[in-house]
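Q: Could you go through this model with me, starting with how the copies are arranged?

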2 protein chains.
Amino acid sequence: MTRLARYLPIFEWGRTYDRLTLTNDLVAAVIVTIMLIPQSLAYALLAGLPPEMGLYASMLPIVLYAIFGTSRALAVGPVAVVSLLTAAAVSKVAMPGTSEYIVAAITLAFLSGAILLVLGFLRLGFLANFLSHPVIAGFITASGIIIAASQLKNILGIDANGHNLLEIITSLFEHLDEVNWITVIIGVTTTAFLFWVRKGLLPLLIKLGLNVRTASIVAKAGPVAAIFVTTLAVWGFDLASRGVKIVGDVPTGLPPLSLPSFSMDLWSSLIVSAVVISIIGFVESVSVAQTLAAKKRQRIDPDQELIGLGAANIGAAFTGGFPVTGGFSRSVVNYDAGASTPAAGAYTAIGLGVASLFLTPLIFHLPKATLAATIIVAVLSLVDFSILKKTWKYSKSDFAAVAVTMAMTLTVGVELGVTTGVAISILIHLFKTSRPHMAIVGQVPGTEHYRNVLRHEVIVDQSVLTIRVDESLYFANTRALEDRVYDEVAKQPDLKHVILMCSAVNAIDMSALESLEAINERLDLGGVSFHLSEVKGPVMDGLNGSGFLDHLTGRVFLSQHQAQTAIGAVTT
Amino acid sequence: MTRLARYLPIFEWGRTYDRLTLTNDLVAAVIVTIMLIPQSLAYALLAGLPPEMGLYASMLPIVLYAIFGTSRALAVGPVAVVSLLTAAAVSKVAMPGTSEYIVAAITLAFLSGAILLVLGFLRLGFLANFLSHPVIAGFITASGIIIAASQLKNILGIDANGHNLLEIITSLFEHLDEVNWITVIIGVTTTAFLFWVRKGLLPLLIKLGLNVRTASIVAKAGPVAAIFVTTLAVWGFDLASRGVKIVGDVPTGLPPLSLPSFSMDLWSSLIVSAVVISIIGFVESVSVAQTLAAKKRQRIDPDQELIGLGAANIGAAFTGGFPVTGGFSRSVVNYDAGASTPAAGAYTAIGLGVASLFLTPLIFHLPKATLAATIIVAVLSLVDFSILKKTWKYSKSDFAAVAVTMAMTLTVGVELGVTTGVAISILIHLFKTSRPHMAIVGQVPGTEHYRNVLRHEVIVDQSVLTIRVDESLYFANTRALEDRVYDEVAKQPDLKHVILMCSAVNAIDMSALESLEAINERLDLGGVSFHLSEVKGPVMDGLNGSGFLDHLTGRVFLSQHQAQTAIGAVTT
């Protein structure tokens, strides 16, 4: 049972399911369903796919996540950044609007799902760690800008495309003479209205006496109101005949059974994108899930989350969907609306099923400009330049990583942006740890403390050199250590002893061990003996097993003070 | 003057040059010249180039290194591993024996030189650190095996080729019916003789009363004796007409002025190989130079070494040579023979110049099998499988890196072998630091010490959780920290305080800072306050500037004991 519950968390919360929980979940499901309808349509549009695929991608995936996922409030479905990544990946292999494009999107969901499942079964969730926070923040901000820019064509009623900001802007300018002014009026009004709903309506409702929770849920229904009004307007005034682009015919019915392609050519074209989508989706999802879980002191299991999200994406691939992940806004609404268990997600799926069975004819006249407006308002909340300021202040190297990630994402594209970001963070980390802080230390008079000679008034014995390294020793920084030791030794002709103070050394890898052997040997050639002090337990265990101590010309001391007392002339 | 001396070390040692130094240098030069003649010819053969190019590559490069390099004893010229890398790189773009092949080798020297110079001027020598010791050791051992295998064809007198062990062995078996038995006799006898010189002659000479230094120098002349005897034999019995392959016509004269190609196509095909050659050559050279410098308590400057080696390679490119670096055996001979300054290198160059002016007709009948034998004997001393045993015992992850490097080098090729090795070491490092050692600590009764609850009998307060992380906090391990903290908090319902003990934290990057902010915020949602203890000075400076402390629900304590005393109920 416990073992089963590990892979199927449903057995954990399912046992205590009662009427109160059911009511909570049902209320949450109704609210989330109303919010998800426009959002799903809009993200399908963003991914370059038919609107109904947004609905399909929100049904089975939610249910599968409810069975396999560990977060009680996470709502899985299409989200802005993953939809943008999908568009970028799929348009490399097919033209938007073709059936190949749809098959490629479905296949991408399948590959992402497979990757997530494999990572989950191998418990490799830690791989997501290589995406540093600043890189993600920069990437999401840059993606938000690209998404907003890409939707301007729908607000202006023109054709334009491109996968980075430069391409999109160029393309918009080229088509600027085709602007449809009625579309512009719909688009701009809707955008303004949705911004007002976000910023103005909520305080107003609270002032009118609604409590904060109800008010914020009502405010989330803003897009539905916008859809209702603009659809009516387009239908009533027959604006489609005047050039306003509408959603048009959306098939009625439950999600179809779809199959991903098993063409190796297509797989090899999509696999890198699938990796990027899986990791970005996983990181975004886990971060949302952890925030929500913390509020109730619940816990989520990141490796099991991989399985939940993997199942959701495989589900999307077989029911006409596209890559999905846990979305921030829908999860927060779900949580705020009182969802108690993942079953709320299942009820949401039923709600969306009802909508796609009966409501799709009603959105025939829905203008694309309205959907674009909902996307723009949603993604502009992702745009946050404060990470640049924060990193600039705290760490220039993190700033460099963010700046490069944003610049690459905006000017070249999303995939290269995020992969460059990862590569740069790793290089910066290696660079920093390859030049560790090292200090020559001396004794603080009258104490057993040893401090940096440059910062403190300390006593130094001319025949003993003590170097403290403030970093674990590994291949990238062994040369820096060797260089420093040889430099200091060359400077001090009277030297008889070198002590390496290891209080900050958490690990010594094989390269570092060989460097220590080389230092020991080379110092010996010059008649200097080599000692270690303050070696930590696990490090000492390693040294004991290595034979290093057999050749060591000096000794290993538990504390620096013992070393100094045993070796040099100290004032006690 | 000091500034000039930094880039031109010749001004440093040149000022104190006197008659004694001159004598020492001249003696060393004569000995090294005699040893270098066969070695240079052999390595040119290994690189697939005409033998005279080996001589050319040993002249101007030595002089340029003498001017720009910092090691007093390093001898620069063709070396085995770099010659193998040259063959691998150049045969990708041209057929051995063609003039394109020669131009490509010259261009490769030019590109390697340019890369080394750029790295030197930018003081980027630390990049070489990313080659971990075990990876280099594994790579050199595997390269030694490939080199020895590649020379078997010359011992057998057949044609065979290939860039990895599998290809070479397959090719040897395919041509086994063409074996020339006279060549085999010459090759095997010479190889056996040279092994005896190395293992048997040296002890014999010492027994006969020579001192160790003289004996080892005489033993180094073994290859010259072998060349003399086998050349005479081939000439005397006209063995060339019986199928023994000889060196043949070697042009007489000083190195020609040559020009690298400036074709961008060729450059882009060679640039990756040039990077690999530069880094491998640099690492090998610095390691030799550091060992020799340590014996006299001199120092070398790795960044200046880049400039010295860069100049040497540029010199090779303009005088008909191919990529060079500081070689181990020749440098040791140079040192043992008493070379006092880099001027010894310049005299060696003069000696080689005299040889290529007057001696090349004498080696017309030199059998290639003799050169192959000198290569085999030289490289088999590079082969050392003990690194596998050492790493297996000390660190399984380092073992994995070596094993993969060796396997890839032997089965796929040298370039992919070494690049895979670098990638694997970096991944392993990231993997290890992404799962740092963390311990829940408690108070050792009656003391101010706090230790791991799993290892010691300690007192733990149920309302306070103290976690010690034994690693700097950065993007790769922040999630592990968050997961652990949330797990522990979820397990202990009575918890009121979490203390993060930072005694082993040398740095906190922006990702980790944001993780700490997230932990602080999420713990606050659950009514738990978050404290830090034992934060190091530089880390504290960073936190002070970041605004993190403004939001911290708890406090920062200098010591863990202060934290425990202030927060919990402690036994004192």
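**Symmetry and interface**

A: Chain B is superposed on chain A by a rotation of 180 degrees with 0.0 Å of shift along its axis, at an RMSD of 0.1 Å, the fit being by least squares on the C-alpha atoms of residues with pLDDT of at least 70 in both copies. The two copies are thus related as by a two-fold rotation axis. This is a predicted model, in which local features need pLDDT of at least 70 and side-chain atom pairs count only at pLDDT 80 or more, while totals for chains, interfaces and linings use all residues. Residues are numbered from 1 along each chain as its sequence is written, and chains are lettered from A and ligands numbered from 1 in the order in which they are written.

Q: Which residue of chain B comes closest to the rotation axis?

A: That is B:A504, whose C-alpha lies 2.9 Å from the axis.

Q: And how many residues does each chain put into the contact?

A: Chain B gives 52 residues and chain A gives 52 residues, where two residues are in contact if their C-beta atoms, placed from the backbone, lie within 7 Å. On the side of chain B that touches chain A, α21(B) has the largest share, with eight residues; helices here are DSSP runs of H or I with at least four residues, and strands are runs of E with at least two, numbered from the N terminus.

Q: What is that side made of, by class?

A: It has 19 nonpolar, 18 polar and 15 charged residues, with Ala, Val, Leu, Ile, Met, Phe, Trp, Tyr, Cys and Pro counted as nonpolar, Asp, Glu, Lys and Arg as charged, and the others, Gly among them, as polar.

Q: Switching topic, what do the buried residues of α16(B) pack against?

A: They pack against α3 (19-46), α4 (51-56), α5 (60-68) and α15 (328-336) of chain B. Among the buried residues of α16(B) are B:Y347, B:L352 and B:S356, and a residue is buried if 20 or more other C-beta atoms lie within 10 Å of its own, exposed if 12 or fewer, and partly exposed in between, with C-beta atoms placed from the backbone.

Q: Last one: is A:E534 buried or exposed?

A: A:E534 counts as buried because it has 22 C-beta neighbours inside 10 Å. It lies in the loop between β7 (529-533) and α23 (537-546) of chain A, and its phi is near 55 degrees, a positive value in a residue other than glycine.

Q: And where is B:R123 found?

A: B:R123 is in the loop between α7 (99-121) and α8 of chain B; its phi is likewise near 55 degrees, but with 13 C-beta neighbours inside 10 Å B:R123 counts as partly exposed.
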